[in-house]
Amino acid sequence: MKTISKKTLEELLPDLLESRIPFFQKLVQTRSTRGREDEAQMLVRAELEDLGLKVKTLRIKTAQGKIRSRTGPVVVGVLKGAGGGKALILNSHIDCAPAGPRQLWKHDPFSGMLEEGRIHGRGSLDDKAGCITILLLLDLIRNQAIKLKGDLIVHSVVEDEYSGRGTECCMIPELKADAAIIIDGHYDARLAIGHPGHIQFKIKLYGKPAPSCRADAGESAIEKSLLLIKSIRQWSEKIHESLDPHWTKACEGSLLNIGKIQGGEWVGAVPASCTIEGLMRFAPPFTLEEMKALLLKEVHRIARSDPWLNEYPPVVDFKDLSFESLELATTHPFFAIVEEAIEKVMHKSAEPYLCPGWCDLRHLHNYYSIPACMFGPGRGQGAHRPNEYFQIKSLLPHARVLMEIILEWCLIAE
Ligand SMILES: [Zn+2]
């Protein structure tokens, strides 16, 4: 079987990566926060077309079947195989977290600045480095004129950071593969095979307005929300203690994050409304439906202890980022190939583990029932925080591992 020698990989990949740096910078400079993904996705689409993939764009639809116009497209490229090999999905996401206040950043959050081997900016690590890894692998396949037997299916998705609906909308029969790798947020030999469950909730509270000079006659929705947050936090700590010990590491720290709070109308009156939005992680023995019911029960219990909230109970809504915990078995032969490739390139054993956050693995499992994991793209810092950067060279060993997996799984046509 024709293959790529270790020497070729070691010599060629750094040069190919070097020539990808300007595009990497451009991709970071192209802000792709939620609802602004179009331009970055068009850049990725053009690259995939140039690399000879058959590319299509998909749109996320609402429950009523209408295209969600405020969300950018999902780009899917297929490098058609000659037949006789297995298909592999490589997935990365183009959407990035909001940058937050500029004051907390050393450089402009979308500078894409190259400094001491690092690319700086929001999305550089999470997850534009994932996209660059995939392009680099395709560069190598083209450079070496490799014809694979199995299809290579490339996803550049949106909404990974929000609903997961980007990957979900790729889950159609004609795009099904035999295995999948999400390239996002991992370094060294770490291999994510699962994650805790999450519930995304929005709680609306009502207050009793009164003029500010008679604030004593009102009931502040903002102050009631603080009471609610404090009690939910205490309750979440009790939930934490009763998790299955197998999940303790993945669920280390607090289970609860209140991510957004919005309340009040103007300074001249006691706030009549306040909304809090948060995420809560969970793991076995709890299921998603149980957690939703427990949170509702807890909010109602807190409301009953306050005369105003008892009369005007908070309204709880659950949002898109609500799903079960996931732990995939590693008994499928695909994992033997992944583990062997890691061992061969990195000279260490693969480290399967449960990642602490969320990711799109659940869709690949729920819709396709295929073996899947998260691996690569390498080291960096600052995901969902200020001063995000990616260490460019750390991508190389991960790209080599991924290339080994592609060759072993998809096989090279004679
Ligand atoms: Zn990510």
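Two strands pair if DSSP finds at least two bridges between them. Keep that in mind as you explore this predicted model.

**Stop 1: a pair of strands.** Select residues 118-120, strand β5, together with residues 389-391, strand β17. The two run antiparallel, and three bridges join them. Now pick out Arg118: across from this residue, in β17, stands Gln391.

**Stop 2: the whole sheet.** Widen the selection to four strands, which form an open sheet in the order β4-β5-β17-β16 with antiparallel pairing. At its edges you will find β4 (114-115) and β16 (380-381), each pairing on one side only.

**Stop 3: the zinc ion.** Next, select the zinc ion and look for its protein donors: His93 through NE2, Asp126 through OD, and Asp184, which is listed with OD twice. These donor atoms lie 2.0 to 2.6 Å from the ion. Asp126 sits in helix α3 (residues 124-143), while Asp184 is in the loop between β7 (179-182) and β8 (190-195); this pair links distant parts of the chain, 58 residues apart. Along the chain, the donors follow the spacing H-x32-D-x57-D. The angles among the four donor atoms are 53 to 137°, and the site is irregular.

Are these two aspartates buried or exposed? Asp126 counts as buried because its relative accessibility is 9%, and Asp184 counts as buried at 6%.

**Stop 4: a surface patch.** Finally, show the surface and select Tyr206, Tyr312 and Val315, which make a nonpolar patch of about 270 Å². Tyr312 lies in the loop between α7 (307-311) and β12 (315-318). With 39% relative accessibility, Tyr312 counts as partly exposed.

Terms used:
Residues are numbered from 1 along each chain as its sequence is written. This is a predicted model: local features need pLDDT of at least 70, side-chain atom pairs count only at pLDDT 80 or more; totals for chains, interfaces and linings use all residues. Side-chain values use heavy atoms; hydrogens and water are left out. Patches are made of residues with over 30% relative accessible area and no salt bridge: like charges are joined within 9 Å, nonpolar side chains (Val, Leu, Ile, Met, Phe, Trp, Tyr) within 5 Å. Accessible areas come from the Shrake-Rupley method with a 1.4 Å probe; for residues, only the protein chains shown count as cover. A salt bridge is a side-chain nitrogen of Lys or Arg within 4 Å of a carboxyl oxygen of Asp or Glu. Buried means under 20% relative accessible area, exposed over 50%, partly exposed in between (1.4 Å probe, protein chains only). Donors are N, O and S atoms within 2.8 Å of the metal (3.2 Å for Na, K and Ca); water is not among the atoms, so sites may look incomplete. Four donors count as tetrahedral if all angles lie between 85 and 135 degrees; four count as square planar and six as octahedral if opposite donors are over 155 degrees apart and all others between 65 and 115; anything else is irregular.
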